[in-house]
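User: Please take a close look at one side chain in this chain and tell me what surrounds it. A second site for reference would also help.

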Amino acid sequence: MAHLQACFLNIFKASSLLILLYYPTIVTCECTCEVEDLEHGKGEALKFKLGSILSILVAGAIGVSLPLLGKKIKALRPENDVFFMIKAFAAGVILATGFIHILPDAFETLTSPCLNQDLWGQFPFTGFVAMMSAIGTLMVDSFAAGFYKRMHFNKNKQVDTTDEEAAGEHEGHVHVHTHATHGHAHGSASLKEDLALSELVRRRVISQVLELGIVVHSIIIGISLGASGSPETIKPLMAALSFHQFFEGLGLGGCITQAQFKSASMAIMATLFSLTTPVGIAIGIGISNIYDERSPTALIVEGIFNAASAGILIYMALVDLLASDFMSPRMQGNFRIQLGANVSLLLGAGCMAFMVRWA
């Protein structure tokens with residue numbers, strides 16, 4: 001019996017010695033495998049990020065360029081009925097982007113428990129920033145349009161004064177009567193020109209402010225995607241953002257077309273829109289090793305910019321894109337266009353809302 005106990009004791013000691021000798025090796029192997037998986041995940045994520053840059057760049061460029069090619073493609077000309085449908089669909093995409101994608105993200109970041117709750121938890125900063133950005137957009141619209149109108153009015157006033165002085169140098173009842181008739185006709189033409197110029201100025205301001213709102217949130221989205229290290233997160237985002245960028249480009253391209261900028265200005269605005277998200281992704285890739293999306297500074301900056309972008313896009317979609325078209329005499333007088341535009345609006349907003357599942 002004592003001999004048997006001694007045998008069991010020797011076996012136990014030998015087993016313990018073997019475990020102690022091999023356990024560090026096992027631990028080391030497990031850690032090495034985890035590091036290898038992490039490195040493989042980063043490498044795979046980088047491939048998807050580079051693919052996202054190309055996909056989003058092409059989608060955005062095609063989307064913003066299609067309305068600009070209206071001179072060659074009749075269906076995309078602003079005077080055609082189809083253009084109303086396309087613009088309404090794009091406006092629905094932009095509206096859903098503001099309400100469903102950007103604003104909830106801003107709420108989430110600015111109410112994060114990582115922030116000082118004595119400050120950020122006691123006041124609804126997200127709604128406040130979104131409201132102020134919408135009001136600011138309204139002010140920019142108003143002041144810019146007023147400035148251009150006053151500038152044009154003063155220029156016309158100087159021209160009219162010069163005409164009156166030249167007319168005063170001549171004498172004769174018949175000549176004065178003829179000049180007065182001509183002046184009345186000139187005045188009617190001038191009024192029409194003023195109305196046309198006022199509408200053109202408004203559309204130019206709309207296109208520039210809309211691009212500003214899109215650019216701000218596109219940079220943030222791009223940095224977030226570029227800094228992400230998970231292929232499972234990046235793959236659905238690549239498809240969702242390509243769709244999003246294409247139809248945002250359609251809406252912006254339609255506004256740029258109606259603003260009648262010079263070709264060089266159109267090219268610059270289209271290029272800026274197309275490059276913004278890819279540049280944001282490239283920045284995100286560059287700072288992915290040092291960027292901490294949970295740090296208070298990153299949360300505050302991202303939340304405030306997202307809230308401001310949401311306010312701008314919601315205002316622009318409702319007031320400048322939809323209201324101006326939906327309340328226009330042409331749409332009000334044509335039930336077919338009116339119905340088609342409303343259906344397109346709902347489809348655009350619905351499709352973008354559905355994409356929130358992946359983005």
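Analyst: A contact here means that heavy atoms lie within 4.5 Å. The model is a predicted one, and the side chain chosen is Lys 49. This lysine sits in helix H1, which runs over residues 2-68. Lys 49 counts as buried because its relative accessible area is 6%, and the cut-off for buried is under 20%.

What does Lys 49 touch, once residues up to four places away in sequence are set aside? One group of partners is Leu 225, Gly 226, Ala 227 and Ser 228; the others are Ile 234, Ile 281 and Ile 285.

The unreviewed UniProt entry annotates transmembrane regions, among them 53-70, 205-225 and 268-291. Residues 268-291 are 79% helix and 0% strand. The C-alpha atoms at the two ends of residues 268-291 are 31 Å apart.

The reference site is Gly 311, in helix H8 (residues 296-326). Gly 311 is buried, with a relative accessibility of 4%. Leaving out neighbours within four places in sequence, the contacts of Gly 311 are Ala 130, Ser 133 and Ala 134. The C-alpha atom of Gly 311 is 9.7 Å from that of Thr 126, and the two residues are 185 residues apart along the chain. The same UniProt record lists 123-148 and 303-323 among its transmembrane regions. Residues 303-323 are 100% helix and 0% strand, with 28 Å between the end C-alpha atoms.

Conventions: Residues numbered from 1 in each chain as written. Predicted model: local features only at pLDDT ≥ 70, side-chain atom pairs only at ≥ 80, totals over all residues. Heavy atoms only, no water. UniProt positions renumbered as here; feature names shortened; annotations may be inferred. Helix = DSSP H or I, 4+ residues; strand = E, 2+ residues; numbered from the N terminus. Buried < 20%, exposed > 50% of the residue type's maximum accessible area, 1.4 Å probe, protein only.
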